[in-house]
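This report goes through side-chain contacts between aromatic residues and between charged residues. The sequence and the structure come before the text.

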Amino acid sequence: MTWVLQATGTAYQESDIYDARAAVGLAMGYPSCVNETYGCMSQQCVVDCLDSYGLVARQAYVTFDQAYAIAREYTGTINPQGMYHFMALRGISGNAIGVANSAEGYMGVYSTLSRDQFNALGPVSVVYVESRV
């Protein structure tokens, strides 16, 4: 979430990463939407938080090809349900989806998500920033 807000020039460009993460956690709704035990609780929490920053977001369950197409055009979050971990969409990298993963290496995912990883960890939800209000 923090990466999305910074990458879109929406908030926290000059903030320390830890201060920015804490602020985003409070904006999302601590502890109901994000907490130490479960992390981010739902896609709707992500949509609502982006909305609070003036960003219009859409949520969808997607195939790899759909996620790849979204990542070519938009940023947002990607959440493979088998991983139960939200990452930021960072575009594409060859045949893979680029991600900003705050838990780099978790379940074998570093800075990209391949088709095989995607399929093994699915179903997959994305929340992508469609526009600004």
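## Aromatic pairs and salt bridges

Phe64 has a relative accessibility of 4% and counts as buried, because the limit for that class is under 20%. The model is a predicted one. Phe118 is likewise buried, at 4% relative accessibility.

These two residues make an aromatic pair. The ring centres of Phe64 and Phe118 lie 5.5 Å apart and the ring planes stand at 85°, so the geometry is edge-to-face; the angle required for that label is over 60 degrees. Phe64 belongs to helix α4 (residues 64-73) and Phe118 to helix α5 (residues 115-121), so the contact ties together parts of the chain 54 residues apart in sequence. Tyr68 joins Phe64 and Phe118 in one aromatic cluster.

In total, the structure holds four aromatic pairs. Another of them is formed by Tyr12 and Tyr53, whose ring centres are 6.1 Å apart with planes at 70°, so this pair is edge-to-face as well. Tyr12 sits in the loop between α1 (2-7) and α2 (17-28), while Tyr53 sits in the loop between α3 (43-52) and β3 (55-62); the pair links distant parts of the chain, 41 residues apart.

Charged side chains also make contacts, and the structure holds two salt bridges. The table lists them.

| Salt bridge | Closest N to O distance |
|---|---|
| Arg58 and Glu130 | 3.1 Å |
| Arg115 and Asp65 | 2.7 Å |

The salt bridge of Arg58 with Glu130 links distant parts of the chain, with Arg58 in strand β3, Glu130 in strand β8 (residues 124-132), and their positions 72 residues apart in sequence. Arg58 is partly exposed at 38% relative accessibility, and Glu130 is partly exposed at 34%.

The salt bridge of Arg115 with Asp65 again links distant parts of the chain: Arg115 is in helix α5 and Asp65 in helix α4, 50 residues apart. Arg115 has a relative accessible area of 39% and is partly exposed. Asp65, at 48%, is partly exposed too, because exposed residues are those over 50%.

Helices α4 and α5 thus appear in two kinds of contact. The aromatic pair of Phe64 in α4 and Phe118 in α5 is one, and the salt bridge between Asp65 in α4 and Arg115 in α5 is the other. Phe64 is buried and so is Phe118, whereas Arg115 is partly exposed, as is Asp65.

Technical notes. Residues are numbered from 1 along each chain as its sequence is written. This is a predicted model: local features need pLDDT of at least 70, side-chain atom pairs count only at pLDDT 80 or more; totals for chains, interfaces and linings use all residues. Side-chain values use heavy atoms; hydrogens and water are left out. Rings of Phe, Tyr and Trp (its six-membered ring) pair if their centres lie within 6.5 Å; planes under 30 degrees apart count as stacked, over 60 as edge-to-face and the rest as tilted. Helices (H or I, at least four residues) and strands (E, at least two) are DSSP runs, numbered from the N terminus. Buried means under 20% relative accessible area, exposed over 50%, partly exposed in between (1.4 Å probe, protein chains only). A salt bridge is a side-chain nitrogen of Lys or Arg within 4 Å of a carboxyl oxygen of Asp or Glu.
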